[in-house]
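Hello, and thanks for taking a look at this one with me. Below are a few numbered points to read alongside the model.

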Amino acid sequence: WYRSSMDGGEPAICLFDPPAGSAIPPAPDMLLPLDHPGLDLPLGRICEELNYTLLG
């Protein structure tokens, strides 16, 4: 249990299961900075889904 910085300090729960560590590959397929022009559209879609404002 912790206070979520993403939800105005509301309570949140974090569950951790060590086998899930293999869900993320050891190295990314691609590494781009967040200001890369090709990421505008996918980041915009994600922000819209989360009701975030994308500043640029």
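1. Let us begin with a cysteine: is Cys-47 buried or exposed? Cys-47 is buried, because its relative accessible area is 13% and the cut-off for buried is under 20%. Cys-14 is exposed, with a relative accessible area of 57%. If you were looking for a disulfide, a search of the whole structure finds 0 of them.

2. Please keep in mind that this is a predicted model. The mean pLDDT of the protein is 86, and 93% of its residues reach 70 or more. Among the elements, α1 has the highest mean pLDDT, at 93, while strand β1, covering residues 2-3, has the lowest, at 91.

3. Now for the layout. The protein has 2 strands and 1 helix, and from the N terminus on they follow the order β-β-α. The helix, α1, spans residues 40-50.

4. How does the overall form compare with a compact globule? For 56 residues, a compact globule would have a radius of gyration near 10 Å, whereas this protein has 15 Å. Taken along the principal axes, the box filled by its C-alpha atoms is roughly 35 × 30 × 15 Å.

5. What share of the residues is buried? Buried residues make up 9% of the 56 in the protein. The accessible surface comes to about 5,500 Å², and carbon and sulfur atoms account for 62% of that surface.

6. A patch on the surface is worth finding in your viewer. Met-6, Ile-46, Leu-50 and Tyr-52 together make a nonpolar surface patch of about 410 Å². One of these, Tyr-52, sits in the segment after α1. Tyr-52 counts as partly exposed because its relative accessible area is 37%, which falls between the cut-offs of 20% and 50%.

7. The segment after α1 also holds Asn-51, and its backbone deserves a glance. Most residues other than glycine have a negative phi. Phi of Asn-51, however, is near 60°, a positive value in a residue other than glycine. Asn-51 is exposed, with a relative accessible area of 70%.

8. Last comes Leu-55, another residue in the segment after α1. Is Leu-55 buried or exposed? Leu-55 is exposed, because its relative accessible area is 74% and the cut-off for exposed is over 50%. For a sense of distance, try Leu-55 and Pro-37: they are 18 residues apart along the chain, and their C-alpha atoms are separated by 13 Å.

How values were computed: Residues numbered from 1 in each chain as written. Predicted model: local features only at pLDDT ≥ 70, side-chain atom pairs only at ≥ 80, totals over all residues. Heavy atoms only, no water. Disulfide = S-S within 2.5 Å. Buried < 20%, exposed > 50% of the residue type's maximum accessible area, 1.4 Å probe, protein only. Patch = residues over 30% accessible without salt bridge, like charges linked within 9 Å, V, L, I, M, F, W, Y side chains within 5 Å. Areas by Shrake-Rupley, 256 points an atom, 1.4 Å probe, with all protein chains shown as cover. Salt bridge = Lys/Arg side-chain N within 4 Å of Asp/Glu carboxyl O. Helix = DSSP H or I, 4+ residues; strand = E, 2+ residues; numbered from the N terminus. Rg over C-alpha atoms; globule rule 2.2 N^0.38 Å. pLDDT = per-residue confidence, 0-100.
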